[in-house]
Amino acid sequence: MTDKKMENVTIETKANIYFDGKVVSRTGYHADGSRFTLGIITPGEYTFGVGPEENMQLIAGEAEVLLAGETEWKKVVAPDNFIAIADNEYKIRTNDILEYLCDYDEK
């Protein structure tokens with residue numbers, strides 16, 4: 001499970017706002033310079049484009065995801081995670097408010 005406190009990080013103050021405010025995150029950087037986002041997804045179904053590979057860790061809540069190349073939705077419950085393949089997209093749907101931490105693999 002994700003620690004309740006992150007240390008040695010830098011956070012951008014400008015919010016990333018998607019889907020008319022239904023998904024909101026902040027971009028941050030670990031001490032080694034790697035990028036992450038920390039955010040909230042409100043109830044609904046959303047499709048996200050993926051650039052670099054994403055490791056999505058749920059902090060709170062539960063959802064279903066449909067990953068690129070798959071035909072069945074997979075249930076994820078905090079503290080589960082899933083990997084979204086680079087240069088694709090995935091769908092996520094939830095009846096909960098989700099809190100998440102997304103680490104990017106920008107090698």
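Colleague: How much area does the chain expose, and what percentage do carbon and sulfur atoms supply?

Modeller: Bear in mind that this is a predicted model. The chain exposes about 6500 Å². Of that area, the share supplied by carbon and sulfur atoms is 47%.

Colleague: What percentage of the residues in the chain is buried?

Modeller: To count as buried, a residue needs a relative accessible area under 20%. The chain has 107 residues to go through. The buried ones make up 31%.

Colleague: What is the chain's radius of gyration, set against that of a compact globule?

Modeller: A compact globule with 107 residues would come out near 13 Å. The C-alpha atoms here fill a box of roughly 40 × 30 × 30 Å along the principal axes. The chain agrees with the globule value, as its radius of gyration is 13 Å.

Colleague: Helices or strands, and how many of each are in the chain?

Modeller: Reading along the sequence, you meet the pattern β-β-β-β-β-β-β-β-β-β-β. That leaves the helix count at 0, while the strand count is 11.

Colleague: Which strands pair with S7?

Modeller: S7 covers residues 62–66, and it runs antiparallel to residues 74–77 over 4 bridges. It also pairs in the antiparallel sense with residues 89–94, this time over 3 bridges. Those partners are strand S8 and strand S10.

Colleague: Which residues stand opposite Glu64 in those two strands?

Modeller: Take S8 to begin with: there, Glu64 faces Lys75. Over in S10, Glu64 has a bridge partner too. That one is Arg93.

Colleague: Is Glu89 buried, partly exposed or exposed, and what is its relative accessible area?

Modeller: You'll find Glu89 in strand S10. Buried would need under 20% and exposed over 50%, so a value in between counts as partly exposed. Glu89 is partly exposed, at 45%.

Colleague: Which residues does Glu89 touch, leaving out those up to four places away in sequence?

Modeller: A contact takes heavy atoms within 4.5 Å. With the sequence neighbours left out, the list for Glu89 includes Leu67 and Ala68. The others on it are Thr47, Phe48, Gly49 and Val50.

Colleague: How far apart in space are Glu89 and Val50, C-alpha to C-alpha?

Modeller: Along the sequence, these two are 39 residues apart. Glu89 also touches Val50. In space, their C-alpha atoms are separated by 5.2 Å.

Colleague: How far apart are the mean positions of the positive and negative charges?

Modeller: The chain carries 11 positive and 20 negative charges. Take the mean position of each set, and the distance between them is 4 Å.

Conventions
Residues are numbered from 1 along each chain as its sequence is written. This is a predicted model: local features need pLDDT of at least 70, side-chain atom pairs count only at pLDDT 80 or more; totals for chains, interfaces and linings use all residues. Side-chain values use heavy atoms; hydrogens and water are left out. The radius of gyration is taken over C-alpha atoms; the globule rule is 2.2 Å times the number of residues to the power 0.38. Buried means under 20% relative accessible area, exposed over 50%, partly exposed in between (1.4 Å probe, protein chains only). Accessible areas come from the Shrake-Rupley method with a 1.4 Å probe; for residues, only the protein chains shown count as cover. Lys and Arg count as positive and Asp and Glu as negative; His and the chain ends are not counted. The place of a charge is taken as NZ of Lys, CZ of Arg, CG of Asp or CD of Glu. Two strands pair if DSSP finds at least two bridges between them.
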